[in-house]
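Okay, thanks everyone for coming. I'd like to walk you through one chain today, so have a look at the screen and we'll go through it piece by piece.

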Amino acid sequence: MKKNLLLTLFFIATSVTLAQNYGLYIGPAVSYHHENRSRMIYGPGLEERSSTTQFLGTGLRMQKQFNRLFGLNMGLNYVERQYEMIVPYNHCNFEEFCTYILAHVDRYGYKTIEIPLGVNLYVVSNNKWELYFNANGVTAFDFQSIYHPYLPETEARTINEFNFFSGSLTTGLGLGYHLTEKVKISMEPFIRVIHAQRSDPILITGYEKKWTNFDNLGLHVLFLYRL
């Protein structure tokens, strides 16, 4: 009898925990990115130039845990990337007065929408804490490209086109804390394991790697509400 009572209490406690945590969560997210970028530039020979930049992102994230071990996450993220690097570019593309003098930019960047879709593997999941590993496939589209001319120095040029930007695979660790039965906050440090970059047709380079590894790391902070 006592054993059956303990089993019943354990089942009730487990059911309550599952009911509290296994819903669909949705809410705003902010992110910090630290990214490295390098290009081979035409000169007397080939010269490698690089840029290390930091930027913030904002967006919306959703999480759904299906059982004690597995869950899915997805979302939208807006990021404005900017790279500081002197690179020759095709100024004729902007219908400028074209000369034989090669024009350069010293800054360029992209306004980007990222779509992450991934899997969470839970190590700890109870009514207060969550600890999980995740892996995410990220598809990114840029809808505006911005170029700041350096030589000759003129006003910034923009191209408003919706183009495929890149695809990448990220992995990281998540730590979540339930502030209430409905609200939780999660922090997810991440690293980009592999990255397929978009080649920018405006920039004139000698060579740029199509695939790069471990070129971006950062942190996502999620504020989620259970529906």
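**A walk along the chain**

Starting at the N terminus, the order of elements is α-β-β-β-β-β-β-β-β-β-β. In other words, we have one helix and 10 strands. Before I go on, please keep in mind that this is a predicted model.

A few overall numbers, then. The chain has 227 residues, and 40% of them are buried. It exposes about 12600 Å², with carbon and sulfur atoms supplying 66% of that. And if you take the contacts with a separation of 6 or more, 68% of them are between residues 24 or more positions apart.

Okay, on to the strands. Let's begin with β1, residues 24-42, and β2, residues 46-65: they run antiparallel and are joined by 19 bridges. If you want a spot to look at, find Glu35, which sits opposite Thr53 in β2. Hold on to Glu35, please, we'll come back to that residue.

Next along is β3, residues 70-88, which pairs with β2, again antiparallel, over nine bridges. Those two strands make a hairpin with four residues joining them. Lys64 has Leu72 in β3 as its bridge partner.

Now jump towards the C-terminal part of the numbering. Strand β7, residues 163-178, runs antiparallel to β8, with 11 bridges between them. Here, too, you get a hairpin, with four residues between β7 and β8. Leu175 faces Met187 in β8 across that pairing. β8 also pairs with β10, antiparallel, over nine bridges, and there Glu188 stands opposite His220. Then there's β9, which pairs with β8 in the antiparallel sense over two bridges; look for Ala196 opposite Trp211.

Right, charges. How many salt bridges does the structure hold? The count is 11. Back to Glu35, as promised: its side chain meets that of Arg81 in a salt bridge, 3.0 Å from N to O. Arg81 is in strand β3 and Glu35 is in strand β1, so this pair ties together parts that are 46 residues apart in sequence. And are these two buried or exposed? Arg81 has 2% relative accessibility, so it counts as buried. Glu35 is at 0%, so it counts as buried too.

Another pair is Arg39 with Glu208, where the salt bridge comes in at 2.7 Å, N to O. This one links distant parts of the chain: Arg39 is in strand β1, while Glu208 is in the loop between β8 and β9, 169 residues apart. Both of these residues are buried.

Then we have Arg192 with Asp215, where the closest N and O atoms are 2.9 Å apart. Arg192 belongs to strand β8 and Asp215 to the loop between β9 and β10, 23 residues apart. Again, both Arg192 and Asp215 are buried. Here's a bit I like: salt bridges with shared partners join Glu35, Arg81, Glu114, Arg192 and Asp215 into one network.

While we're in β3, let me point out Asn77, which is found in that strand. Its relative accessibility is 8%, so Asn77 counts as buried. What does the side chain of Asn77 make a polar contact with? One partner is the side chain of Ser31, at 3.4 Å. The Asn77 side chain also reaches the backbone nitrogen of Thr58, at 3.5 Å. Leaving out residues up to four places away in sequence, Asn77 touches a set of residues including His33, Thr112 and Glu114. You'll recognise Glu114 from the salt-bridge network.

Last stop, the nonpolar side. In general, nonpolar side chains tend to be buried together in soluble globular proteins. Here the largest nonpolar core has 16 residues, and those with the most contacts inside it are Val87, Tyr89, Val105, Tyr108, Tyr110, Tyr147 and Leu203. Strands β3, β4 (104-125) and β5 (129-151) each supply at least two residues of this core.

Zoom in on Tyr147 if you can. Not counting residues up to four places away in sequence, Tyr147 touches Val105, Tyr108, Tyr110 and Leu203, among others. Its contacts also include some charged residues, among them Arg107, Arg157 and Asp200.

That's my tour, happy to take questions.

Technical notes
Residues are numbered from 1 along each chain as its sequence is written. This is a predicted model: local features need pLDDT of at least 70, side-chain atom pairs count only at pLDDT 80 or more; totals for chains, interfaces and linings use all residues. Side-chain values use heavy atoms; hydrogens and water are left out. Two strands pair if DSSP finds at least two bridges between them. Buried means under 20% relative accessible area, exposed over 50%, partly exposed in between (1.4 Å probe, protein chains only). Contact means heavy atoms within 4.5 Å. Accessible areas come from the Shrake-Rupley method with a 1.4 Å probe; for residues, only the protein chains shown count as cover. A salt bridge is a side-chain nitrogen of Lys or Arg within 4 Å of a carboxyl oxygen of Asp or Glu. A nonpolar core is a set of buried Ala, Val, Leu, Ile, Met, Phe, Trp, Tyr and Cys residues joined through side-chain atoms within 4.5 Å. A polar contact is a pair of N or O atoms within 3.5 Å; within protein, one must be able to donate a hydrogen and the other to accept it, and residues adjacent in sequence count only if both atoms are side-chain atoms.
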